[in-house]
Every structure is written in C-alpha cells, then in structure tokens.
Amino acid sequence: MRGLLASSIGVTCAAALALPLTPLATAATPAAHPAPRPGVEVPAAGRPATPAEAPGSTQSLPLAALGRSRALGPAAEQGLPRRDVRHFSLVGVVWDDPDTVLHGTVQVRTRAAGTGAWSGWQGLETHNDDAADPGTAERTSGRVRGATAPLWVGDSDGVEVRVQAAQDLDRTTEEATRDDRTAISAPLPTGLRLELVDPGERAPEREPAVAGAPRTTVVPRTVPDASAANLDLAPLGATEIPALNRAQTLRELSALRADGTAQVAPRGKPYIGPRPRIVTRRGWGADERLREKKFVYSKKVKAVFVHHTASGNGYRCAEAPSLIRGIYRYHVKSMGWRDIGYNFLVDKCGTIYEGRAGGVAKPVLGAHTLGFNTNSMGIAVLGSYDTTKPPAAATKAVAKLTAWKLGLFGANPSGRTYLKSGGGNLYRKGKNVRLNVISGHRDGFATECPGRLLYRKLGATRTSAARYQGR
C-alpha cells in the first residue's frame with residue numbers, strides 16, 4: 001500500500017483521536033527466565049489481572065543498530081536479532097514523532113508457537129499517518145506516536161525485525177559507492193520500538209446480576225456506557241445488534257427520528273436500507289478500560305470513507321474478533337490514540353463489527369481520514385487489498401452497512417457531497433471539497449488505501465447501496 005506523495009512514498013490508513021498515554025510496556029522477559037502466561041499483564045494500578053479478565057498485553061522492545069550496519073550508524077538500519085518472547089499475535093513498529101515519515105522498509109520474521117517454524121520475511125506498511133485533524137487538541141496532545149500498520153501473524157513466541165532507511169535515488173551509483181553514508185535519503189525516526197500485541201481473550205458474554213437488581217437483569221461489569229450508547233437498538237450488554245427487515249427498519253427510523261438520532265427529513269419517502277446485523281464491542285471482546293471514556297460526535301454523517309487495515313489476509317474469520325482486539329490495543333496502547341480509529345470494521349466473511357464507541361446509529365467522530373473526520377464515518381475491511389481481490393461477502397456487507405447508516409441522515413450512496421477539509425496532504429485546511437458520498441481513503445488523502453482492488457469495487461458498492469435504499 002505504497003502511497004502517492006510527491007516523494008513517491010504515501011500513507012496507509014488507520015487513525016484515531018489521541019488520549020493521555022500510559023507508559024510503554026517493558027521489554028520481553030529474557031529467555032533465561034520463564035515467560036509469563038500469555039495474555040496476562042499487570043494493570044497500571046498494580047493489581048494482577050485475573051484469568052477471567054485475560055486483558056491481553058503489549059511487549060514494547062527498543063530497536064538498535066544491527067551488527068552489519070554499525071559502520072553506517074543507527075540512522076541507516078536498526079532491528080532486533082532473533083529472540084524468544086512472550087506470546088503475541090499482532091506486530092507493529094512505532095516511533096516518537098507522528099509527523100515523521102519512515103522512508104524505508106520494515107520487515108519481520110515470526111515463530112509460530114504451535115510448530116516452532118519460522119516464517120519468511122514479511123513487510124509492514126511503513127506509512128500509517130491518519131490521525132485527528134491538524135490543529136485539534138487530540139492531534140497536538142503530544143501523546144501520539146508514528147507507526148507502521150499492524151500485521152496479524154497468529155500465535156507466535158519468537159521474533160526478528162530489521163528496519164532499513166531508503167537510499168537516495170537522486171545520487172549516482174558512483175557517489176553511493178564512494179560513501180555509503182551519503183546514500184541515505186533521510187535518517188530513520190527516533191525512538192523506534194517493536195510492539196508485540198497479545199489481544200487477550202474475549203470478555204465473558206454475560207455477567208451476574210448486580211445486588212438488588214431483578215434476577216432477569218444482566219448488567220455488564222466494565223464500563224457499561226459503551227453498550228448503553230446502543231440502547232435504542234439492543235438491550236444493555238448485547239453482543240450483537242440483530243438484522244431487521246425493511247418494515248422493521250422503517251419503524252425504527254421513526255423512533256430514531258423522534259429522539260433526534262436520525263436526521264432524515266420526516267416528509268417524503270425515506271430511503272434507507274434494512275439494518276444489517278452488527279457485532280457490538282462487547283461481542284468482539286473490547287476491554288473498555290483501555291479507551292478514553294468520553295464519546296465525541298459530529299453533527300451528521302454526510303460521507304463514508306472505505307479503508308483496508310493493511311494487516312494481511314492470513315486470518316480466519318473466527319479470528320476476526322481477536323484481530324480487532326489486537327488493532328484496538330495497538331491503536332490505544334502503542335500509538336496513543338483515544339480508541340480504535342474506525343467507526344466500523346468488516347471481515348472477509350462479511351461480518352460487520354462496531355468500531356469506535358459512542359453508538360452505531362450516531363455520528364461518532366472517528367479519526368480514519370486525516371482532514372475529513374468531521375461529518376463522515378470510516379469503514380475498514382480487515383485485510384490487504386492492493387493485490388488480493390476483496391471477497392464478495394465483504395463488499396456486500398459494506399454496501400448494506402452504508403445503505404442503512406447513510407439512510408439515517410438522508411444521504412444518497414450514489415451521490416456526491418461537500419466536506420470541509422481540516423488540512424492534509426491533498427487539500428488545504430478550510431477548502432470545501434466535492435467527494436463521492438461513498439469514497440475511498442485515497443480520495444481525501446494521498447495514499448493507496450483501501451488498496452487498488454478494493455477501490456475498484458467502490459462504484460459497484462455505491463450502486464448496490466442505493467438499491468438497498470430503494471432508489
């Protein structure tokens with residue numbers, strides 16, 4: 001997913017608003033000492049996590065100059081020799097300054113925990129530059145880090161990494177040979193660290209009733225407000241919001257319009273797709289203690305930006321909740337964001353998942369498309385779709401989701417709309433930009449996201465979504 005910046009190096013998609021960041025996890029336990037049980041780390045308060053919580057963990061390991069590159073210095077090549085680590089399933093690299101671009105390559109090898117077999121070298125997308133819009137408190141908090149896109153590798157207990165700076169292609173071969181130090185176009189970012197994420201186990205689906213509550217009442221134990229934000233659509237603590245048919249959706253639309261959630265005009269025929277099934281944050285096992293507690297909203301949803309996560313296609317659909325938990329933890333704990341960046345995620349089997357907390361029917365402010373987060377929403381298809389064709393089930397799910405959500409706000413999926421740029425690498429801050437109501441990430445920012453082959457499907461997605469709305 002190499003981008004389209006003037007320097008020929010672009011950005012991939014993933015982002016969110018910033019929050020005060022907890023300290024980085026310490027380095028992995030040395031091989032000479034027994035590794036802690038996977039999925040268990042000591043919370044910030046110092047209380048050992050119980051097995052029932054299984055909150056996941058992050059190992060953060062500083063990179064250093066590799067032996068063969070010490071003559072060039074750490075600005076040219078850094079890495080981590082092969083080593084044993086605690087179990088993890090998702091890997092990424094972060095650095096200090098989110099405004100610094102990593103001009104170069106990042107490659108990792110991992111060892112499967114079950115077989116002990118080492119993978120070949122796998123590349124990480126190095127430009128992962130979405131965030132809250134420039135100048136906002138979230139973007140300028142000083143807590144956000146630069147990062148690669150995360151890569152899903154499955155249950156692993158060994159790792160090796162190498163990061164190499166790009167060579168200056170403007171220099172001649174003779175000049176580069178004469179002094180290899182001058183063949184580096186830019187130094188690597190400072191503070192490079194390898195992040196190894198264990199997504200932990202799914203939270204228990206049901207919790208005991210609280211004291212004094214009726215026996216039939218089930219109350220989530222941790223931060224129930226994420227579930228309460230969907231009370232118009234599902235009971236407190238629900239693991240999914242079920243699909244509705246068209247008649248049921250129209251009745252629900254009237255109720256949502258009455259309480260101010262839906263903003264479609266009451267006069268005339270409403271155009272809205274049947275509500276699809278959506279797995280809630282509780283359904284995919286979000287640890288609500290990780291995120292910032294506040295919800296932040298736009299006024300409406302005028303447009304949708306489609307993304308891919310660039311996390312690879314090597315996951316099974318049954319692993320999608322674990323993958324989402326890993327991305328969530330990577331966004332918040334490793335990159336310093338306030339919550340997962342996307343409003344929704346879709347796996348390759350077509351299952352739709354709630355993303356950023358605040359209510360699936362509401363205009364929750366995400367941080368998926370730098371400069372265009374206001375009055376829009378972001379949908380990320382799990383996987384990498386530059387050279388891999390997106391599954392029909394996934395694109396159909398995107399069409400159904402957009403038909404319903406855009407219908408709540410009276411937006412036509414096959415139409416165009418104006419959004420005001422918050423500033424980015426394509427449009428200056430304050431410029432009104434005319435965009436497709438269903439756009440790709442690359443339409444608002446210089447990047448190849450959502451991948452060449454997924455981007456090609458957006459025309460058909462617009463047509464399908466409009467048809468689901470009854471247009």
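Before anything else, a definition: helices and strands here are DSSP runs, at least four residues for a helix and at least two for a strand, numbered from the N terminus. Keep that in mind, as I'll use those labels throughout. And note that this is a predicted model.

Let's start in a loop. Alanine 310 sits between β11 and α5. Its phi is near 60 degrees, a positive value in a residue other than glycine. Is alanine 310 buried or exposed? Its relative accessible area is 7%, so alanine 310 is buried.

Stay in that loop. Cysteine 317 is there too, between β11 (303–308) and α5 (320–334). It forms a disulfide with cysteine 349, S to S 2.0 Å. How many disulfides does a search of the whole structure find? One. The partner, cysteine 349, lies in the loop between β12 (344–346) and β13 (352–354), so the bond ties together parts 32 residues apart in sequence. The torsion about the S-S bond is about 90 degrees, and therefore the disulfide is right-handed. Both ends are partly exposed: cysteine 317 has a relative accessible area of 21%, and cysteine 349 has 47%.

Next, asparagine 375. This residue is in the loop between β13 and β14 (376–381). Here again phi is near 60 degrees, positive in a residue that is not glycine. Asparagine 375 is buried, at 18% relative accessible area; the cut-off for buried is under 20%.

Now a helix. Threonine 402 belongs to α6, residues 392–407. Its relative accessible area is 0%, so threonine 402 is buried. What lies 3.0 Å from a polar atom of its side chain? The backbone oxygen of alanine 399. Leaving out residues up to four places away in sequence, threonine 402 touches several others, among them Val304, Met377, Ile379 and Ile438. Ala465 is also one of its contacts.

Ala465 takes us to the next helix. It is one of the residues in α8 that meet α6, together with Thr461, Ser464 and Tyr468. On the α6 side, the residues include Thr395, Val398, Ala399 and Thr402. How do the two helices pack? At an angle of about 45 degrees, with axes 8 Å apart. That angle makes α6 oblique to α8. The crossing is right-handed.

Last stop: a cis peptide bond. It runs from cysteine 449 to proline 450, with omega near 15 degrees. Where is proline 450? In the loop between β17 (438–440) and α7 (452–455).

That's the tour. Thank you.

Note on methods:
Residues numbered from 1 in each chain as written. Predicted model: local features only at pLDDT ≥ 70, side-chain atom pairs only at ≥ 80, totals over all residues. Heavy atoms only, no water. Disulfide = S-S within 2.5 Å. Buried < 20%, exposed > 50% of the residue type's maximum accessible area, 1.4 Å probe, protein only. Polar contact = N/O pair within 3.5 Å; in protein donor to acceptor, adjacent residues only side chain to side chain. Contact = heavy atoms within 4.5 Å. Axes fitted to C-alpha atoms, helices over the stretch in contact; angles between N-to-C directions. Parallel < 35°, antiparallel > 145°, perpendicular 65-115°, else oblique. Left-handed = near helix turned anticlockwise from the far one by under 90°.
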